[in-house]
Each structure stands twice: as structure tokens, then as C-alpha cells.
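Colleague: I should be grateful for a close look at one part of this predicted model. Which residues line the largest cavity, and how are they placed?

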Amino acid sequence: MENKDNQVSITEVLHGPYIVKGVVKLTTKDGKESILDGTNALCRCGRSLHKPFCDGTHRKINFEKDEE
Ligand code: FES
């Protein structure tokens with residue numbers, strides 16, 4: 001376990017995913033539950049082929065580049 005204090009942090013990456021650190025329960029839209037531990041990147045652009053995780057597609061589509 002990465003975090004001894006059971007704290008969870010979520011950091012928004014500019015033009016990229018949310019970085020989630022800590023132990024969290026993830027529930028998918030079909031009700032499947034899993035425990036995430038450590039550091040995970042969750043897709044924020046909506047185009048990942050491996051949702052809910054980021055697969056790097058945000059770089060290919062220039063996610064939010066036009067908002068600078
Ligand atoms: S944020 Fe990385 S693929 Fe969507």
C-alpha cells in the first residue's frame with residue numbers, strides 16, 4: 001500500500017487524465033467493483049479504449065489543446 005494514512009488524492013493533469021493515488025473502490029457502470037491501490041490514471045478525455053483508465057489517447061487527439 002502506497003499511503004499509510006489511507007488518504008486519497010486526485011490530481012488533474014493538464015491536457016490529460018486524473019491521477020488517483022491511494023486505495024479506492026471503483027464501480028463501473030455495469031456494477032463491477034474493484035479496488036485500486038497505488039497510482040492510477042483515469043481517463044478524462046473520454047476517448048480511451050481502456051476506460052475507465054487512461055491509455056494515452058488524449059495525446060493523439062490533442063485533448064483540451066484549444067483551451068490554452
Ligand atoms: S485522458 Fe488519457 S486517454 Fe483519456
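Modeller: The account below begins with the chain as a whole, turns to the cavity, and then takes up two residues of its lining.

The coordinates belong to a predicted model. The chain has 1 helix and 5 strands, and along the sequence these elements follow the pattern β-β-β-β-β-α. Of the 68 residues in the chain, 26% are buried. The chain exposes about 5200 Å², of which carbon and sulfur atoms supply 48%. Among contacts with a separation of 6 or more, 26% join residues 24 or more positions apart.

As to empty space, rolling a probe the size of a water molecule over the atoms shows where it is left. The structure holds 1 cavity of 30 Å³ or more, and the volume of the largest cavity is about 40 Å³. Its lining is made up of Gly16 and Pro17, then Cys43, Arg44, Cys45 and Ser48, and finally Cys54, Asp55, Gly56, Thr57 and His58. By class, the lining residues divide into 4 nonpolar, 5 polar and 2 charged.

His58 is one of the lining residues and lies in helix H1, which spans residues 57-60. Its relative accessible area is 8%; because this is under 20%, His58 counts as buried. Not counting residues up to four places away in sequence, His58 touches His15, Gly16, Pro17, Cys45 and Phe63. Gly16, Pro17 and Cys45 also appear in the cavity lining, so these contacts of His58 link residues that border the cavity.

Asp55, another lining residue, is located in the loop between strand E5 (39-42) and H1. With a relative accessible area of 35%, Asp55 is partly exposed, whereas His58 is buried. Leaving aside neighbours within four places in sequence, Asp55 is in contact with Ser48, Leu49 and His50; Ser48 is itself part of the lining. The contact with Leu49 includes a polar atom of the Asp55 side chain that lies 2.9 Å from the backbone nitrogen of Leu49. The side chain of Asp55 also makes a polar contact, at 2.6 Å, with the side chain of Thr57, a further residue of the lining. Towards strand E5, the C-alpha atoms of Asp55 and Ala41 are separated by 8.5 Å, although the two residues are 14 residues apart along the chain.

In summary, the lining of the largest cavity includes both the buried His58 and the partly exposed Asp55.

Note on methods: Residues are numbered from 1 along each chain as its sequence is written. This is a predicted model: local features need pLDDT of at least 70, side-chain atom pairs count only at pLDDT 80 or more; totals for chains, interfaces and linings use all residues. Side-chain values use heavy atoms; hydrogens and water are left out. On a 1 Å grid over the protein atoms alone, a cavity is a set of points where a 1.4 Å probe fits but cannot get out, and a pocket is an open set with protein on both sides within 12 Å along at least five of seven lines; lining residues have an atom within 4 Å of a point. Grid points are joined across faces, edges and corners, and a volume is the space filled by probe spheres set on the points. Ala, Val, Leu, Ile, Met, Phe, Trp, Tyr, Cys and Pro count as nonpolar, Asp, Glu, Lys and Arg as charged, and the others, Gly among them, as polar. Helices (H or I, at least four residues) and strands (E, at least two) are DSSP runs, numbered from the N terminus. Buried means under 20% relative accessible area, exposed over 50%, partly exposed in between (1.4 Å probe, protein chains only). Contact means heavy atoms within 4.5 Å. A polar contact is a pair of N or O atoms within 3.5 Å; within protein, one must be able to donate a hydrogen and the other to accept it, and residues adjacent in sequence count only if both atoms are side-chain atoms. Accessible areas come from the Shrake-Rupley method with a 1.4 Å probe; for residues, only the protein chains shown count as cover.
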